[in-house]
Amino acid sequence: MRTFVLLMCLAVGCLAQAPHPCRSPPLLTGAMSVANEKVNAYAKYDYDALGERIRFKEMGSYENKTFGLDALLLFREGVMYTINHKNRTCKKERLKKEDFHPMEIPADATLLGQVILGSSSGPGQGLLVNTWYGERATPTGGKDKWLSTFTEFGCIPVSTTYYTDKTGWVLSTFFNIVVGIDDPQQFFPPKFCQGAELDATADAANFYSVFKNIN
């Protein structure tokens, strides 16, 4: 009985602590959906914050037309590969190194609230999450805005709503996340990409460029 009371006190104490900004585990595998007024997409992803690399395998619709896409973002090298396995071709684009942002809640974020998704009536029926708001200055003098929900325990992303002047509001939701990387080879382009030439004159791609015509 004493052990049960002690565990209950510890649990209540954890819940009573004020939420703090956090950073997600550096290696994640999972799935996500992205949507705005024009696009609705679903993607499986591999995320490596240590090497600043992301791999997306995506399908979705843009203006009622379906599409599929395989993209490898290598921020440290400043390169993004769009991979076509059917034709065995690759498009190689510039990628801004500074556009890599780890999955995290930055220190200057504002806490909007803490809630339980689902129910608190029984074990395993709910998920304790924190919702945060923040802004990021742009080189043009404007401000990007974001609203993110992360789990209290583990700092796992649940959803993010991001606003830029180009995209408007974009909603991203995350699910089926596993900590770790199953296949490290996902972060290397296939051999048929070796001959791909970089177009140095084109505008640099970014995270949301992955999702067909989103910008």
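Visitor: Which strands form a hairpin with 3 residues between them?

Guide: In this predicted model, the hairpin with 3 residues between its strands is made by strand 10 and strand 11. The two strands run antiparallel and are joined by 6 bridges, and one of the residue pairs involved is T160 with its bridge partner S172 in strand 11.

Visitor: What makes strand 10 and strand 11 count as paired?

Guide: Pairing requires at least two bridges between two strands, and strand 10 and strand 11 have 6, so the condition is met.

Visitor: How do you know that strand 9 and strand 10 pair as well, and in which sense?

Guide: Strand 9 and strand 10 share 6 bridges in the antiparallel sense, and because at least two bridges are required, they also count as a pair. One of the contributing residues is W146, whose bridge partner in strand 10 is Y162. Strand 9 and strand 10 form a hairpin with 5 residues between them, and in its turn G154 has a positive phi of about 100 degrees.

Visitor: Why is strand 10 called mostly covered?

Guide: A residue is buried when its relative accessible area is under 20%, and 6 of the 8 residues of strand 10 are buried, which is what the description rests on. For the chain of 215 residues, buried residues make up 39%.

Visitor: Why is the link between C22 and C155 called a disulfide?

Guide: The sulfur atoms of C22 and C155 are 2.0 Å apart, and the cut-off is 2.5 Å, so the pair qualifies as a disulfide. C22 lies in the loop between helix 1 (2-16) and strand 1 (27-35), while C155 lies in the loop between strand 9 (143-151) and strand 10 (157-164), so the bond ties together parts that are 133 residues apart in sequence.

Visitor: What makes the disulfide of C22 and C155 right-handed?

Guide: The torsion about the S-S bond of C22 and C155 is about 80 degrees, and therefore the disulfide is right-handed.

Visitor: Why is C155 called buried, and C22 partly exposed?

Guide: C155 has a relative accessible area of 5%, which is under 20% and therefore buried. C22 has 23%, a value between 20% and 50%, so C22 is partly exposed.

Visitor: How do you know that C90 and C193 form a disulfide?

Guide: Their sulfur atoms are 1.6 Å apart, which is within 2.5 Å, so C90 and C193 also satisfy the criterion. C90 lies in strand 6 (residues 89-94) and C193 in the segment after strand 11 (168-179), so this disulfide connects parts that are 103 residues apart in sequence. Both C90 and C193 are buried.

Visitor: How many disulfides does that give, and what pattern do they follow?

Guide: The count comes to 2 disulfides, and with bonded cysteines counted along the chain they follow the pattern 1-3, 2-4.

Visitor: What is the predictor's confidence along the chain, and where does pLDDT stay under 50?

Guide: The mean pLDDT of the chain is 86, with 87% of the residues reaching 70 or more. Among the elements of the chain, strand 7 (residues 110-118) has the highest mean pLDDT, 97, and helix 1 the lowest, 46. Over residues 1-13 pLDDT stays under 50, and for these residues the model has 0 contacts beyond four places in sequence.

Notes
Residues numbered from 1 in each chain as written. Predicted model: local features only at pLDDT ≥ 70, side-chain atom pairs only at ≥ 80, totals over all residues. Heavy atoms only, no water. Helix = DSSP H or I, 4+ residues; strand = E, 2+ residues; numbered from the N terminus. Buried < 20%, exposed > 50% of the residue type's maximum accessible area, 1.4 Å probe, protein only. pLDDT = per-residue confidence, 0-100. Contact = heavy atoms within 4.5 Å.
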